[in-house]
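This report concerns the domain arrangement and one surface feature of a protein chain. Please consult the sequence and the structure shown here.

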Amino acid sequence: MSLNENWKNRSLAHVWHPCTQMKDHQWLPLVPVKSAEGVWLEDFEGKRYLDAVSSWWTNIFGHRHPHIVARLKEQLDQLDHVMLGGFTHEPVVTLSEKLCALAPKGLTRCFYADNGSSAVEVALKMAHHYWRNLGKPQKTRYISLSNGYHGETLGALAVSGTGLYRDSYTPLLMQPIQVLSPDCFDRSPGEAWEDHTRRRFRHMEEALERHAGEVAAVIVEPLVQCAGGMRMYHPIYLRLLREACTRHGVLLIADEIAVGFGRTGRMFASDWAGITPDLMCISKGLTSGTLPLAAVMSTDEIYQAFYDDYASYKAFLHSHSFTGNPLACTAALATLELFERSDVLAANRRSAAMMWAAMTELSSHRHVIDIRQQGMILAVELAKNPRKREEYPAAERRGLRVYQYGLEKGVLLRPLGNVVYLMPPYVITPEEIVTMCQTAIEGIDIATSEP
Ligand SMILES: *Cc1c(COP(=O)(O)O)cnc(C)c1O
């Protein structure tokens with residue numbers, strides 16, 4: 001048995017893989033990865049795969065970046081882990097200082113968790129508890145967007161609008177007030193993004209007018225609904241939303257887990273609108289994909305609503321064993337140091353332009369209905385008949401064919417349904433961009449030429 005086969009079989013014997021119908025692996029090979037460097041993953045027989053999806057959008061500076069590796073090794077010789085209740089340490093203090101300096105102005109406190117979904121749980125609980133501490137315990141509901149995604153723990157899943165992940169668990173979930181997404185894929189022919197986005201905001205305004213008294217917070221993914229198929233909208237929505245939340249006395253939670261840390265072309269997607277959310281969730285790129293870590297950043301106003309004598313019982317009671325893990329915080333610090341060392345966003349603008357130039361030839365493809373881009377996210381949406389806006393049936397799994405073609409050619413593309421997207425690590429070179437884009441285009445051709 002080959003080395004790859006050996007690891008595949010052993011994995012299938014005991015590992016239950018995430019987000020997977022395990023039976024698919026009877027015919028769809030698992031990819032065992034031995035090592036990684038930069039944008040490349042390598043299997044046990046020396047075959048390499050270009051990680052065009054940044055390992056689920058986490059890896060921004062490439063695998064095993066020498067600076068992050070060196071900082072982690074040093075930290076491991078210093079302090080592995082200590083609980084954050086009653087104790088503190090250098091990495092968590094320095095990281096919190098840096099995050100507050102970098103985040104939209106007014107976010108001055110960092111509460112830590114170890115993954116994105118947990119951060120969303122923290123933000124939801126904090127929002128309700130804030131109002132409770134202010135004498136408004138009836139604010140127990142949330143407003144979320146259709147097609148949104150905030151993670152898969154029960155609270156986060158409840159405020160997600162993507163049926164695929166949610167439907168099986170509906171009886172277990174709290175019921176948010178769901179508002180139609182500003183998604184510009186739905187705009188009328190010829191309509192400007194901004195006009196469409198403004199028009200869609202009316203639904204949000206109505207929901208706030210009707211429900212503000214019982215709503216603790218609105219939660220949105222700023223600018224790009226990533227898991228929902230990289231659907232995008234105009235930043236005007238965030239400006240209107242910020243103003244309306246303040247006016248209606250509802251908190252605004254920005255879920256920047258996927259779009260934070262430069263992915264959309266600004267440090268945070270909220271920066272495109274120049275707004276400060278009341279709570280901001282970050283994870284994924286925070287450690288450049290090396291270790292799990294998440295944070296919820298809050299304004300001082302929220303922090304102060306919890307700050308009182310013990311007997312007031314206003315404290316925020318939430319903890320995870322690994323809250324503020326020093327190794328993960330060090331990986332995050334090293335990541336921020338890489339942002340300080342060079343103008344990452346300017347370099348990304350050049351890479352993003354190359355990606356666009358390479359992919360626009362698809363705009364005349366007979367099965368491409370839309371190509372859209374926001375910074376280092378480029379998405380190509382496939383359709384059976386673009387003119388009639390007729391979708392490919394999900395069961396045809398066209399995206400999966402692109403995935404299979406990519407693996408054959410050594411590029412990890414992992415489409416979301418019929419949406420093929422490129423979301424590579426920022427360190428990708430011009431030559432690697434060409435390889436990635438060519439493979440994606442060929443994969444799309446093959447996936448759409450079959451009956
Ligand atoms: C990935 C993601 C999450 C969930 O983060 P996990 O670490 O996978 O739990 C939440 N919100 C958004 C916008 C995400 O993309």
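The text below treats the domains, their interface and a surface patch.

The model is predicted: local features need pLDDT of at least 70, side-chain atom pairs count only at pLDDT 80 or more, and totals for chains, interfaces and linings use all residues. Residues are numbered from 1 along each chain as its sequence is written, and side-chain values use heavy atoms, with hydrogens and water left out.

The domain assignment, whose bounds come from an automatic or database source, divides the protein chain as follows.

| Domain | Residues | Residues in the contact (heavy atoms within 4.5 Å) |
|---|---|---|
| domain 1 | 33–64 + 343–449 | 30 residues |
| domain 2 | 68–341 | 28 residues |

Taken over C-alpha atoms, the centres of domain 1 and domain 2 are 27 Å apart. About 2,500 Å² is buried between domain 1 and domain 2, and carbon and sulfur atoms give 63% of this area. Buried area is the accessible area (1.4 Å probe) that two parts lose on being put together, summed over both. Of the area that domain 1 buries against domain 2, 25% is supplied by Trp57, Arg372 and Gln374, more than by any other three residues.

One salt bridge is counted between domain 1 and domain 2; the term requires a side-chain nitrogen of Lys or Arg within 4 Å of a carboxyl oxygen of Asp or Glu. Arg231 and Glu381 form a salt bridge through their side chains, at 2.9 Å from N to O.

Leu172 is located in the loop between helix 7 (163–166) and strand 6 (177–179). Leu172 counts as exposed (over 50% relative accessible area, 1.4 Å probe, protein chains only) because its relative accessibility is 57%.

Terms used. Helices (H or I, at least four residues) and strands (E, at least two) are DSSP runs, numbered from the N terminus. Buried means under 20% relative accessible area, exposed over 50%, partly exposed in between (1.4 Å probe, protein chains only).
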